[in-house]
Amino acid sequence: MLARLSWRNIWRNKTRSLVVIFAIAVGLTGGIFITGMMNGMTAQQANNMINREISDIQIHHPDFLENSNPKFLINDVTETLLKIKSEPLITEASYRSKSTAMASTATKGAGVTIFGIIPLMEKKVSSISNKIVQGDYFETETKSQAIVIGEKLAHKLNAEMGKKIVVTAQALNGEMSWSLFRVVGIFKTNDTRFDEMNVFVKKEDLDKSLGIGADQANEIAIRTLSQEDAAAVAESLQSKFSELSVQSWREIKPSLIVMMTMMDQFGYWLMIIILFALVFGIINTMLMVIMERKKELGMLMSVGMNKPRVFWMIMMETTMLSLVGAAIGLMISIGLMELFGFTGINFASWADGLEAMGYSSFVYPYVTSEFYVIVTILVIITAIIASIWPTRKALKLNPAEAVRAE
Amino acid sequence: MNVIEIKNLHKTYNETQVPVKAVNGIDLQIEQGEFTAIVGPSGCGKTTLMNMIGGLDQPTEGTISIDGNLLNQFKSTGLIDFRLHNIGFVFQAYNLLPVLTVKENVEFIMQLQGKSRKECEKRVDEMLESIGLKDKKHQRPNQLSGGQQQRVAVARALASKPKFILADEPTANLDSKSTSDLLDLMERLNLEENMTFIFSTHDERVMKKARRLITLEDGKIVKDVTVK
């Protein structure tokens, strides 16, 4: 009976209730949409980094993590790779030589990380081959040694397609070695820093220059069935290859986890701030309701409605009012998330700035179902908080006086 | 048998500043089945007395006993519960809940008492039949005339089977036809259900119907007449 009474009371003054409902719906939709955008940007940054650069799991010589010197090698890499690929949940794996180097053209130079890769294997673990904007990804046979560089570096070095680049790096014997490469491909990712700092050559070419053996590598990159599997698979591999260091993407780039956690927290705080602002609107509405229904409340208390029941009636009314707003807000938010999660939102005009920070200019917003549940709980808590003051006001009424109020 | 027994009742407002003695030493007994009107000029203490009998106000001195229960002994929560189970109220402005239908208004107090749905429905049908508004069962109060609304209010007060009904100026907002109908209805219910009615009123028509007239002046009973 009290629930029915509270529900019907909401619709006594439709305009006033609809204003509150609209405010809650708009507030929630705005908060959820912004959170979804931030989540989408962060998740895309993480996905891009995993797909393009770090993969789900990496294996190194333990000392390579401390000092990225190419002398810290994984030996018998072919056999190791075969063992790795036989593991469940692992979809692909590749190995690389890797060194810091100086890339120079006739006029300019820049510090880079050079990857010696096996293109066919690398294609399966990294998305760089899909980011080629000029030339190709080592597909055309060339007489000279081939190099694929980022667009940003190409601009920096004035290195157009077919131009020569000299790469200087420290060989395993400690001597400086240099090799001449010709640009066969230029890639462009949505992270200009990556494009400026990384170059790719065939493994055999880098190995020859640095003195690395054919069955040796500095890094094994592994893809798992899903990103969530990476930690468990990494743990399992670590127990099998105890002499090597196995890390999941979470350990390789802890900053990604920090970023994701921060965005999660940001979303909740944003919702709390929005709901806090809405509390005042709800309190104002409910105080008006109490003032208008003074006589009715006086009657209810006179005929024997006790304080807990009066409290519940007003609290239910506030909660129902808020939940109607929340339901509309959540439905709109879910619709928007579904729509833009599918089509994406293009921030082309801010592309340069976003890509300089490693974000994609195309954002696919999303929020987890857990977020929706917590937002609903926050709305209920807000409604309870908002109902305290009006309820206290109602409970303080003297029934004998209230029943005669005009 | 006395339903209400009042001894040496006093109520003083503004005790510390300018004391106003609204009720000044009333002794009164009201028996089961009485049809009593409390009358007197404005400010004579009718409403204060009614409020104290209804447990809505506390006396400064004296006691009120309802069916052997001293109201002073109850704490706030206990008093609300006592009112719910023992006292029926009819207000001047009907005070029906506008969002509930006639049926829901009549059964409201029974539901607060925790009566079963079946019991409520049976009693609501009886009451609506009795007040002649069975066909308006699903209508809202704003679809009824003032007289019909007050009849619903009487049915609501009576449905929960209280010990007595306090009716505060129940005819003040009604025209003569509605007043006459309402008084006939209450008189009939008084006789049929042996329900005790206590009115506070200025209305001559109510006074004519009442079988006992208690006249107050300056917070005291100056006349107590039983009409045969």
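# Notebook: chains A and B

**Entry 1, a hairpin in chain B.** I began with strand S9 (residues 212–217) of chain B, which pairs with S10(B) in the antiparallel sense over six bridges. I note that this is a predicted model. For the register I looked up B:Arg212 and found it opposite B:Thr226 in S10(B). The hairpin of S9(B) and S10(B) has two residues between the strands, and B:Asp218 takes a positive phi near 50 degrees there.

**Entry 2, the sheet that holds the hairpin.** I then traced the sheet of chain B that contains these strands. Six strands form an open sheet with mixed pairing, and I wrote down the order S6-S7-S8-S3-S9-S10 (chain B). Which strands are at the edges? They are strand S6 (87–90) and strand S10 (220–226) of chain B, each of which pairs on one side only. Ignoring direction, I have an average turn of 20 degrees between neighbouring strands of this sheet.

**Entry 3, S3 and S8 of chain B.** Within the six-strand order, I picked strand S3 (residues 35–39) and strand S8 (residues 196–201) of chain B, which pair in the parallel sense over five bridges. B:Ile38 is the residue I found opposite B:Ser200 in S8(B). Helix H6 (residues 176–193) of chain B packs on this sheet and touches S3 and S8 of chain B. The direction of H6 makes about 150 degrees with that of S8(B).

**Entry 4, another sheet in chain B.** I also looked up a sheet of four strands, which is open and antiparallel, with the order S2-S1-S4-S5 (chain B). Its edge strands are strand S2 (20–31) and strand S5 (69–70) of chain B, each pairing on one side only. Strand S4 (residues 61–66) of chain B pairs with S5(B) in the antiparallel sense over two bridges. There I found B:Ser65 opposite B:Leu70 in S5(B). H1(B) lies across strand S1 (2–13), S2 and S4 of chain B, and I have its run at about 125 degrees to S1(B).

**Entry 5, where the chains meet.** Next I turned to the contact, which takes 24 residues from chain B and 22 residues from chain A. The area buried between chain B and chain A is about 2,200 Å², and carbon and sulfur atoms give 64% of it. How many salt bridges does the rule find across the interface of chain B and chain A? It finds two. I looked up A:Arg4, which forms a salt bridge with B:Glu104, and the closest N and O atoms are 3.5 Å apart. Five residue pairs are in polar contact across the interface, with both residues at pLDDT 80 or more.

On the side of chain B that touches chain A, the elements giving two or more residues are helix H1 (46–53), helix H2 (76–86) and helix H3 (102–113) of chain B. H3(B) gives the largest share of that side, six residues. I sorted the residues of this side into 13 nonpolar, five polar and six charged.

**Entry 6, salt bridges in the whole structure.** My search over all chains finds 35 salt bridges. I followed up A:Asp56, which forms a salt bridge with A:Arg223, the closest N and O atoms being 3.0 Å apart. What does the pair tie together? A:Asp56 lies in the loop between helix H2 (14–54) and strand S1 (57–60) of chain A, and A:Arg223 lies in strand S9 (residues 219–224) of chain A, so the pair ties together parts that are 167 residues apart in sequence.

How values were computed: Residues are numbered from 1 along each chain as its sequence is written. Chains are lettered from A and ligands numbered from 1 in the order in which they are written. This is a predicted model: local features need pLDDT of at least 70, side-chain atom pairs count only at pLDDT 80 or more; totals for chains, interfaces and linings use all residues. Side-chain values use heavy atoms; hydrogens and water are left out. Contact means heavy atoms within 4.5 Å. Buried area is the accessible area (1.4 Å probe) that two parts lose on being put together, summed over both. A salt bridge is a side-chain nitrogen of Lys or Arg within 4 Å of a carboxyl oxygen of Asp or Glu. A polar contact is a pair of N or O atoms within 3.5 Å; within protein, one must be able to donate a hydrogen and the other to accept it, and residues adjacent in sequence count only if both atoms are side-chain atoms. Ala, Val, Leu, Ile, Met, Phe, Trp, Tyr, Cys and Pro count as nonpolar, Asp, Glu, Lys and Arg as charged, and the others, Gly among them, as polar. Two strands pair if DSSP finds at least two bridges between them. Axes are lines fitted to C-alpha atoms, for helices over the stretch in contact, and angles run from 0 to 180 degrees between N-to-C directions.
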